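Below is a short briefing on the core, a pocket and the cysteines of one protein model.

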Amino acid sequence: MSQTTTRTDPEGSAEAAKIQRVLLPADQRPSPSGPISGSFTFGWRALLKIKHIPMQLFDVTIFPIMMTVMFTFIFGGAMGAVVSGTGQTGGPAVSEYVQFFIPGIFVQTLIMITMYTGITLNKDISKGIFDRFRSLPIWRPAQLVGALLGDQVRYGLAGTIILTVGFIVGFRPEGGLFGVLAGFALLLVFSFCLSWVWTMVSLLMPNEEAVMGVSMTIIFPLTFASNIFVPTETMPSWLSGVVEANPVSVLVSAIRELMDGTVDAGSIVAVLIYCAILVVIFAPISMYIYNRKS
């Protein structure tokens, strides 16, 4: 009966251990990426994509200017008469409407831009890039959170452009710099939380066109069935209650109050509650779908 013996090679093992110590010393081995560092790394990746493809900034530069100027000078006179209740059009109506309208278009533009988060994510997934990320020793949600953090820069740029154009056309917030910055910060928080909805949509849809179609179907009622353009008092009674419960209307009201200098803690808390609901519902769903797709 023959026996098979295993012969060890002490010299070979020693040589392998020596090579391993030279190539990757124990004291120089990088520590695994944590949630914060991993998220910021992927956020930086999103910014680098903008650097190499500057046309991605078209929606956050030209679109805000176009929306603000168009609604101010084309519709401002007629809508100003509705807002003021005097029925008079012309310069005074436009000037009064600008004070009402700029916080609203500020919100609408940034909210509409958030849907491009889902389109970008869907493009990465369809190209197989996220399949490479899953093999990395990182916090699993870092890819999604990092993409959302990177988009905060785009939102900040778009918001700055809108406010700049608003100041040029006559917007003068009585809340001063503090009110403007507080409203800006509140809108960025809401935009980050709302982006989880488009993240879920991007993971469910097969291509960019489908993501765009579903996102527009959701975003149009949210923005146009709100108090962005006219007060809810001018709407039918059966509709005004629905519009007032719209999270976009709650956000617009809170930002208008901050910019007007009449801070209402209840409005801010209501916005933060909506933000928490969006994250609690859509972030886990997005991660569940993302893990299954991976």
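On a 1 Å grid over the protein atoms alone, a pocket is an open set of points where a 1.4 Å probe fits, with protein on both sides within 12 Å along at least five of seven lines; lining residues have an atom within 4 Å of a point. This is a predicted model, in which local features need pLDDT of at least 70 and side-chain atom pairs count only at pLDDT 80 or more, while totals for chains, interfaces and linings use all residues. Residues are numbered from 1 along each chain as its sequence is written, and side-chain values use heavy atoms, with hydrogens and water left out.

**Pocket**
- The second largest pocket holds about 170 Å³ of space.
- Its lining has two nonpolar, three polar and five charged residues.
- Helix α11 gives the largest share of this lining, four residues.
- Among the lining residues are Phe100, Arg256, Glu257 and Asp260.

**Nonpolar core**
- The largest nonpolar core (buried nonpolar residues joined through side-chain atoms within 4.5 Å) has 66 residues.
- Phe106, Val107, Ile111, Phe190, Leu251, Ile255 and Val271 touch the most other members.
- α5 (91-126) is one of the elements giving two or more residues to this core, and its share, 16 residues, is the largest.
- Leaving out residues up to four places away in sequence, Ile111 touches Phe190, Leu194, Ile219, Thr223, Val248 and Leu251 (heavy atoms within 4.5 Å).

**Cysteines**
- The count of disulfides (cysteine sulfur atoms within 2.5 Å) is zero.
- Cys193 is in no disulfide, and the nearest cysteine sulfur, that of Cys275, is 4.1 Å away.
- Cys193 is buried (under 20% relative accessible area, 1.4 Å probe, protein chains only), at 7%.
- Cys275 is also buried, at 3%.

Technical notes. Buried means under 20% relative accessible area, exposed over 50%, partly exposed in between (1.4 Å probe, protein chains only). Grid points are joined across faces, edges and corners, and a volume is the space filled by probe spheres set on the points. Ala, Val, Leu, Ile, Met, Phe, Trp, Tyr, Cys and Pro count as nonpolar, Asp, Glu, Lys and Arg as charged, and the others, Gly among them, as polar.
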